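Thanks for sharing this one. Here are a few notes on its aromatic rings and its nonpolar surface, for you to follow with the model open.

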Amino acid sequence: MRPEGSSGITRRVIGRLARRPEVVAGVVSGALYLWLPAVLGLDYRLLAPKQPYQLMWLNLLGAHYRLQLETPKPLMVVLSGLFGSGVVFYVLICAMVGLAVAALVRLGRTITGSYWPGLTAAATVFAFRGGLMRWAFVGGTEPFHVALVLSALVALAGGRLRLATFIVFAACLLRPEAWPLAPIPLLWIYLARRRFNLLSLLPFSAPLIWVVFDQAMTGDWLYSLHLTSYYRVASGISTKIGGGFWTGMPAEIIDVTGAVPLLVGLIGLGVWVRRCARPHPVQQSSTEKRSDYPAWLLAAIVALALLLPIAASWVISLFGRVVQMGRFQYPSAVLLVLLSTSAPFLFFSGRAPRRFVLALGLSAAVALSTLSPQELARAVRIARRDKVRAAAYAPIADALKHLVESGNADVTVVSARRLDYFTMLLGQSYSWKLRSVRELTYGTDSIPAAARSGALAFYDGDEINEPSTDSVISRVLRVWPTKAVVQPVKLLPDGHGGLWTIQSVR
């Protein structure tokens, strides 16, 4: 038999991709996000900094570093330990962006019978708004969170219960906000009248694995819970009803969806559920695998995946002990966008070309209503600011390390935002001498009463509200156990920060 040439293989690949538009959309989206930092002039080595999670990984392996104010997330810690920071981890994030886009396109196809709603929804959240772009640059959990939740729904839509269960389990190890989704595989079995599968209980084990992970890493079984409660105090953020981030959460969700999709998405969900409850719902395309579950079941599961995490977040916020932010609900926000771009296709379903053009136009109008150059510019501005911050302390690093190692600093005060940097710089033992400006300011940590000398390393604009250097020095002196003086050792080249010594005055 004659071997197939490279041109024949290429034609076969192109032919298969032509039958899988969602795969093409995912690959193109991931490639564009991989190319974007080069266009913006960002340094790939400084993208997706994962030092806090790398320290957790080292502690998990037996080290004993002081950890930053960052809640451990088992899946993120493992990924950071295996892939490190910078370009390799950013490539992984780009893959998650591609997976999320592919899932959006496929889920939109399942809902409406058309690929367009998913494509317009993907453009909305990854190109027209800056939220997910910003978190992709900094290596946040948000792209992973969205990709996993959407992929689980796609797997359920295709009847692949085992795959969906594993994906939900992974999401539960990524963020606790995914824990309300743990019952979904079990609920699917019950509603679809499938035979019980013990594997469907796997997501319920995530909290148990989380506490075992905490104990192995820090010796505290409830370290994540204690740190999460502590974070609101150390950050000076109000969790009271009617104030701070509690009322700001809807606004943060709108940062992802835009105002129009938030409303239209809820309408689209209602229309979809109503249509699926009819005797003759929208039929699947011939290219999709026929499923033996009722049409309303997927609509109900998507509604639960959208609403359960938000409801759980609001209930938890009533206790006032944990900070709740809109970005914790990114999967729900993205589902709202998809339902908003799907709504016109559900309203004007049919084979008539006019109806399709009308649906496509309205869907595009919903997507374009979210276009925000300001949000996109903000995402780029934050990425460039983080690039400056990442290299800001290099000129004073050696001097600080010598000052600490020579025994001339009983305590080292640094920015909370760069506590991980100084922890790695000083090593395990000296890392426990570190205090952050934020902790001292809000009284969640203190200078030991016996301390007589110290070092202060700071870069202007590196804390909440971006205080000036004079303000930071005065804050530190106010909490120093005795009267003290501060002397500069080495200032940063731009004059906005540097290294100072602190000496008690007898």
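**Notes on rings and a surface patch**

1. Let me begin with Tyr90, keeping in mind that this is a predicted model. Tyr90 has 0% relative accessibility, so the residue counts as buried. Its place in the chain is helix H5 (residues 87-112), an element that comes back further down.

2. Which residue pairs with Tyr90 through its ring? The partner is Tyr44: the two ring centres lie 6.3 Å apart and the planes make an angle of 65 degrees, so the pair is edge-to-face. With planes over 60 degrees apart counting as edge-to-face, the label follows directly. Tyr44 itself has 23% relative accessibility and therefore counts as partly exposed, whereas Tyr90 is buried.

3. It is worth tracing where these two tyrosines sit. Tyr44 belongs to the loop between helix H2 (21-40) and helix H3 (51-60), while Tyr90 is in H5, so the pair ties together parts that are 46 residues apart in sequence. The count for the model comes to 11 aromatic pairs.

4. Please look next at Phe345 and Phe356, another edge-to-face pair, with 5.9 Å from centre to centre and 65 degrees between the planes. Phe345 lies in helix H16 (residues 330-347) and Phe356 in helix H17 (residues 353-368), 11 residues apart. Are these two rings' residues buried or partly exposed? Phe345, at 6% relative accessibility, counts as buried because the value is under 20%. Phe356, at 32%, counts as partly exposed.

5. Two further ring features deserve a glance. One aromatic cluster is formed by Tyr393, Tyr421, Phe422 and Tyr459. Elsewhere, Arg109 places its charged end over the ring of Tyr115, at 4.5 Å from the ring centre.

6. Turning to the surface, you will find a nonpolar patch of about 480 Å², made by Leu34, Leu82, Phe83, Val87, Val88 and Val91. Which elements give two or more residues to this patch? They are helix H4 (74-83) and H5. H5 supplies the largest share, with 3 residues.

7. A last word on Val87, one of the patch residues, which lies in helix H5. Its relative accessibility is 39%, so Val87 counts as partly exposed. Set beside Tyr90, which is in H5 too and is buried at 0%, Val87 makes a nice pair of residues to view together: H5 holds both a patch residue and a ring partner of Tyr44.

Definitions and conventions:
Residues are numbered from 1 along each chain as its sequence is written. This is a predicted model: local features need pLDDT of at least 70, side-chain atom pairs count only at pLDDT 80 or more; totals for chains, interfaces and linings use all residues. Side-chain values use heavy atoms; hydrogens and water are left out. Rings of Phe, Tyr and Trp (its six-membered ring) pair if their centres lie within 6.5 Å; planes under 30 degrees apart count as stacked, over 60 as edge-to-face and the rest as tilted. Helices (H or I, at least four residues) and strands (E, at least two) are DSSP runs, numbered from the N terminus. Buried means under 20% relative accessible area, exposed over 50%, partly exposed in between (1.4 Å probe, protein chains only). A charge sits over a ring if NZ of Lys or CZ of Arg is within 6 Å of the ring centre and within 35 degrees of the ring normal. Patches are made of residues with over 30% relative accessible area and no salt bridge: like charges are joined within 9 Å, nonpolar side chains (Val, Leu, Ile, Met, Phe, Trp, Tyr) within 5 Å. Accessible areas come from the Shrake-Rupley method with a 1.4 Å probe; for residues, only the protein chains shown count as cover. A salt bridge is a side-chain nitrogen of Lys or Arg within 4 Å of a carboxyl oxygen of Asp or Glu.
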